[in-house]
Amino acid sequence: MASTTQERVIMAKVAKLVLGLAVGFGLSLSAAQAGDAAAGKKVFKKCKACHTVDAGGKNKIGPNLHGVVGKAAATVEGYKYSKAMKASGLTWTEENLTGFLTKPKKFLPKTKMSFGGLKKPKQIGSSPLC
């Protein structure tokens with residue numbers, strides 16, 4: 001199945017984010033670079049179960065992720081966010097996305113996101129946005 005342009009943009013942004021995580025976790029730079037595109041696409045399949053990424057795409061279990069990097073949290077129209085997310089004041093920077101995607105409920109207690117987080121440094125070093 002072909003990726004949409006928005007999926008490719010998100011995967012590229014997350015690959016950059018994940019590459020930083022990989023270095024932070026002590027993985028070799030060359031190993032992270034070699035695996036991030038293919039492994040990232042594989043991990044992104046988990047995200048697609050709950051999220052869409054197309055401009056104007058519908059909300060599913062989670063909100064549409066189009067343009068999420070740099071965007072204020074809890075601002076996707078038509079999605080019912082948790083009180084915790086609405087009150088968070090977060091902007092989805094690379095740092096905040098890293099914390100949230102690693103351990104969502106620890107990063108933001110009482111979030112609705114049921115995803116348990118990216119646990120393995122190798123997975124984090126290759127994963128795209130969820």
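Reader: Hi! Let's start with H51. Where is H51 found?

Author: Happy to help. In this predicted model, H51 is found in the loop between helix 2, residues 29–48, and helix 3, residues 83–87.

Reader: And is H51 buried or exposed?

Author: H51 counts as buried, because its relative accessibility is 12% and the cut-off for buried is under 20%.

Reader: Nice. Which backbone oxygen lies by a polar atom of the H51 side chain?

Author: That would be the backbone oxygen of P63, which lies 2.7 Å from a polar atom of the side chain of H51.

Reader: Let me switch to pockets. Which residues lie nearest the centre of the largest pocket?

Author: H51 and P63 turn up again there, together with G62, F100 and M113. The whole lining has 30 residues, and the volume of this pocket is about 490 Å³.

Reader: Which helices supply at least two residues each to that lining?

Author: Helix 2 and helix 4 each do so. Helix 4 covers residues 94–102.

Reader: OK, stepping back: how many helices and strands are there in the chain?

Author: The chain has 6 helices and 0 strands. Read from the N terminus, the order of elements is α-α-α-α-α-α.

Reader: What share of the residues is buried?

Author: Of the 130 residues in the chain, 41% are buried. As for contacts between residues at least 6 apart in sequence, 46% of them join residues at least 24 apart.

Reader: Now the core. Which residues touch the most other members of the largest nonpolar core?

Author: Those are A73, Y81, M85, W92, F100 and L108, in a core of 20 residues. Helix 2, helix 3 and helix 4 are the elements that give two or more residues to this core. F100 is also one of the residues nearest the centre of the largest pocket.

Reader: Y81 caught my eye. What does Y81 touch, leaving out residues up to four places away in sequence?

Author: Y81 touches P63, A74, T75, V76, K86 and K112. P63 is the residue whose backbone oxygen lies 2.7 Å from a polar atom of the H51 side chain.

Reader: A74 is on that list. What is its phi?

Author: A74 has a positive phi of about 65°, although it is not a glycine. Its place is in the loop between helix 2 and helix 3. A74 counts as partly exposed because its relative accessibility is 23%.

Reader: And what about the phi of K110?

Author: K110 is not a glycine, yet it has a positive phi of about 75°. K110 sits in the loop between helix 5, residues 104–107, and helix 6, residues 121–124. At 74% relative accessibility, K110 counts as exposed.

Reader: Back to helix 2 for a moment. Is C47 buried or exposed?

Author: C47, which lies in helix 2, counts as buried because its relative accessibility is 3%. C47 and L65 are 18 residues apart in sequence, and their C-alpha atoms are 9.7 Å apart in space.

Reader: Last topic: what pLDDT does the chain average?

Author: The average is 77, and 64% of the residues score at least 70.

Reader: Which elements have the lowest and the highest mean pLDDT?

Author: Helix 1, residues 5–24, has the lowest at 56, and helix 3 has the highest at 97. Over residues 19–34 the pLDDT is below 50, and this stretch has 15 contacts in the model beyond near neighbours in sequence.

Reader: Great, thanks for walking me through it!

Conventions
Residues are numbered from 1 along each chain as its sequence is written. This is a predicted model: local features need pLDDT of at least 70, side-chain atom pairs count only at pLDDT 80 or more; totals for chains, interfaces and linings use all residues. Side-chain values use heavy atoms; hydrogens and water are left out. Helices (H or I, at least four residues) and strands (E, at least two) are DSSP runs, numbered from the N terminus. Buried means under 20% relative accessible area, exposed over 50%, partly exposed in between (1.4 Å probe, protein chains only). A polar contact is a pair of N or O atoms within 3.5 Å; within protein, one must be able to donate a hydrogen and the other to accept it, and residues adjacent in sequence count only if both atoms are side-chain atoms. pLDDT is the predictor's confidence in each residue, from 0 to 100. Contact means heavy atoms within 4.5 Å. A nonpolar core is a set of buried Ala, Val, Leu, Ile, Met, Phe, Trp, Tyr and Cys residues joined through side-chain atoms within 4.5 Å. On a 1 Å grid over the protein atoms alone, a cavity is a set of points where a 1.4 Å probe fits but cannot get out, and a pocket is an open set with protein on both sides within 12 Å along at least five of seven lines; lining residues have an atom within 4 Å of a point. Grid points are joined across faces, edges and corners, and a volume is the space filled by probe spheres set on the points.
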